[in-house]
Amino acid sequence: LGYSTPLLHIGSSFMYPNLEEAQRAVRMAGDAIRQHGLPAALCPFIAVFTGTGNVTKGALDIFKLLPFEMVDPADLPKMREPGVGSAQDCRKLYLCITTAEHMVRNKNGAPFNKGQYYREPDQYEPVFQNTVLPYSTVIVNCMYWDARFPKLFTQDDIHRHVMQGHDRLLGVCDITCDADGSVPTRQFTSIEHPFFVYNALTEKTSSCLDDPGVLFHAVDHLPSELPREASEYFGNCLLQFLPAMVAARAPEACGQGDTASWPAAMRGAVIAEGGQLTREYEYIQQLRSAYERSDSEEAAMAKDRGGRTSGPHRVQAPPACVTLELGGHLFDSMFINKVCDLVESQRGRVQITNIDVGSTVGDTSRASILVMAQTQEVLDKIVGMIFSAANEAKVSFRRTGSDRDGASMPAEAKRAILLLGSGFVSGPVIEYLLRRPENVVTVASIQRSELENFAQRFGARCQPQFLDVLSEDAEMAALREDLVKKSDVIVSLV
């Protein structure tokens, strides 16, 4: 940006011999801000933190060494535009802490309910991108997130605000480091090179900090920057449990030892004792059985394909697939086994991609599963069977990409796109087109290896097709004409 500010004099944590010296550097920068201020073009400088957990508390401990004033998320629209702040605005930073209630709203207009949000996140839609993002100078993302929950904002949101002239956002510090998670972190960075710049207009990233765009910080092993303090902290957390562990009698069978008297934190970490899995981890055996079964199902699918191809050069057609999210008593009711049986009965394959097991008998579990079949028709049949079984077992069911439980995209809602060419530009184009769930892209090329790569990389909605676009051969011409007739949009990169 071409500005000199006291914040530039703060080095990376690993540059200091200990935490105390790093904190001293931040305090000195704070003193300089109080005395000389920040450039008026950057003020009021609004730092937004997400969450209230341990990560947020640790980040705030450092931030609060700077002069700051709290601002409520609801008051952000009342803040002045950058460059028109008062002299007092330049001598401090503004701190805004956001929690779930500031990030989403109930689709039905009902008041926010934290318990319901965590149980049924699909009943909520994101608002952070409109109510907080446009007013943020820096966003420090510290909260836990998984795919069940709405994202805070996306690349498209940044692009939209920039196009509308709301380009206040200077930087994003993604401490959680989820790749394209709650915030659009496109790559992780290292301690030695902690930043990259994302240009919302070109959708490209750059390691040159002089380039225009939003500065991203995404180091996924931050404690390593202060190794001594990190080791001491984690070591001290564990030391309190050592006496009980040392004094405990080793169990000869599950439940016969002294582990029942351990503190809850240690007891909950015991996976096996006396040669058996503990009750909390009995689901592991079911997962192992599911994975072993999926291996045999994959072999059966390969046998079913029997060399069936999608073009003259024997490029295998990718399997149809969908991700389902299930919630309820998945393991003690053996529902997860039921799902595997249903998939196996149709010669499909299932893979568990994410799982959250309840800690007590009364708690429910959640799982995300990837279901694959050789054709879309078979996949739809499997999904229907799982949906019926879920209703019978009173298990919540959600097909990702759907607005309602059990919904799937009707065939007429799909948009067929024909992409001619498989060069270097094709990959980013396919990735961009597939951001919209209704798009199905057929890639036509004579480069077999590239077609195979795209099929593996982008999944069922990217369909490879061997085609010599410039050939005058009658068969190729007929294939080309057929593809064009079936397509809603044609993109030529030849």
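A cavity, as I use the word here, is a set of grid points where a 1.4 Å probe fits but cannot get out. I note at the start that I am working with a predicted model.

**Entry 1: the cavity**

I searched the whole structure for cavities of 30 Å³ or more and found one. The largest cavity has a volume of about 40 Å³. I then listed the residues around the largest cavity: Met-103, Val-104, Tyr-117, Pro-126, Phe-128, Met-143, Pro-150, Lys-151 and Leu-152. Sorted by class, this lining holds eight nonpolar residues, one charged residue and no polar ones. Lysine counts as charged, and Lys-151 is among the lining residues.

**Entry 2: the eight-stranded sheet**

I traced an open sheet of eight strands next. I wrote down its order as 2-3-1-6-7-10-8-9, and its pairing is mixed. Which strands stand at the edges? They are strand 2 (68-70) and strand 9 (204-206). Each has a single partner strand, so one side of each is left without a neighbour in the sheet. From one strand to the next, the twist averages 25°.

I looked at one pair inside this sheet. Strand 1 pairs with strand 3 (residues 93-98) in the parallel sense, and five bridges connect them. Within this pair, Val-48 stands opposite Cys-96 of strand 3.

I add a rule for reading any strand on the screen. Side chains in a regular strand alternate between the two faces of the sheet.

**Entry 3: a cis peptide bond**

I checked the bond between Cys-43 and Pro-44 and found a cis peptide bond, with omega about 0°. Pro-44 sits in the loop that lies between helix 1 (19-36) and strand 1 (46-50).

**Entry 4: two residues with positive phi**

I looked up Met-334, which is not a glycine yet has a positive phi of about 65°. I located Met-334 in the loop between strand 13 (320-328) and helix 10 (335-345). Is Met-334 buried, exposed or partly exposed? Its relative accessible area is 41%. Buried means under 20% and exposed means over 50%, so a value in between is called partly exposed. Met-334 is therefore partly exposed.

Arg-347 is not a glycine either, and its phi is positive at about 60°. I found Arg-347 in the loop between helix 10 and strand 14 (349-356). With a relative accessible area of 41%, Arg-347 is partly exposed.

**Entry 5: the four-stranded sheet**

I turned to an open sheet of four strands, in the order 19-18-17-20 with parallel pairing. Strand 19 and strand 20 (489-492) are its edge strands, and each pairs on one side only. Neighbouring strands in this sheet are turned by 20° against each other on average, direction ignored.

I went through two of the pairs. Six bridges link strand 17 (residues 415-420) to strand 18 in the parallel sense. Arg-415 stands opposite Asn-439 of strand 18. Strand 18 (residues 439-445) also runs parallel to strand 19, and five bridges join these two. Thr-442 has Gln-463 in strand 19 as its bridge partner.

How does the chain get from strand 18 to strand 19? It passes through helix 13 (residues 448-458), and this β-α-β crossover is right-handed.

Last, I asked why strand 19 (residues 462-466) can be called largely enclosed by the rest of the structure. Four of its five residues are buried, so the description fits. I noted beside this that strand 19 is nevertheless an edge strand of its sheet.

Key: Residues numbered from 1 in each chain as written. Predicted model: local features only at pLDDT ≥ 70, side-chain atom pairs only at ≥ 80, totals over all residues. Heavy atoms only, no water. Buried < 20%, exposed > 50% of the residue type's maximum accessible area, 1.4 Å probe, protein only. Pairing = 2+ DSSP bridges. Right-handed = clockwise from strand over helix to strand, strands pointing away. 1 Å grid on protein atoms, 1.4 Å probe; cavity = no way out; pocket = protein on both sides within 12 Å on 5 of 7 lines; lining within 4 Å. Points joined across faces, edges and corners; volume = space filled by probe spheres on them. Axes fitted to C-alpha atoms, helices over the stretch in contact; angles between N-to-C directions.
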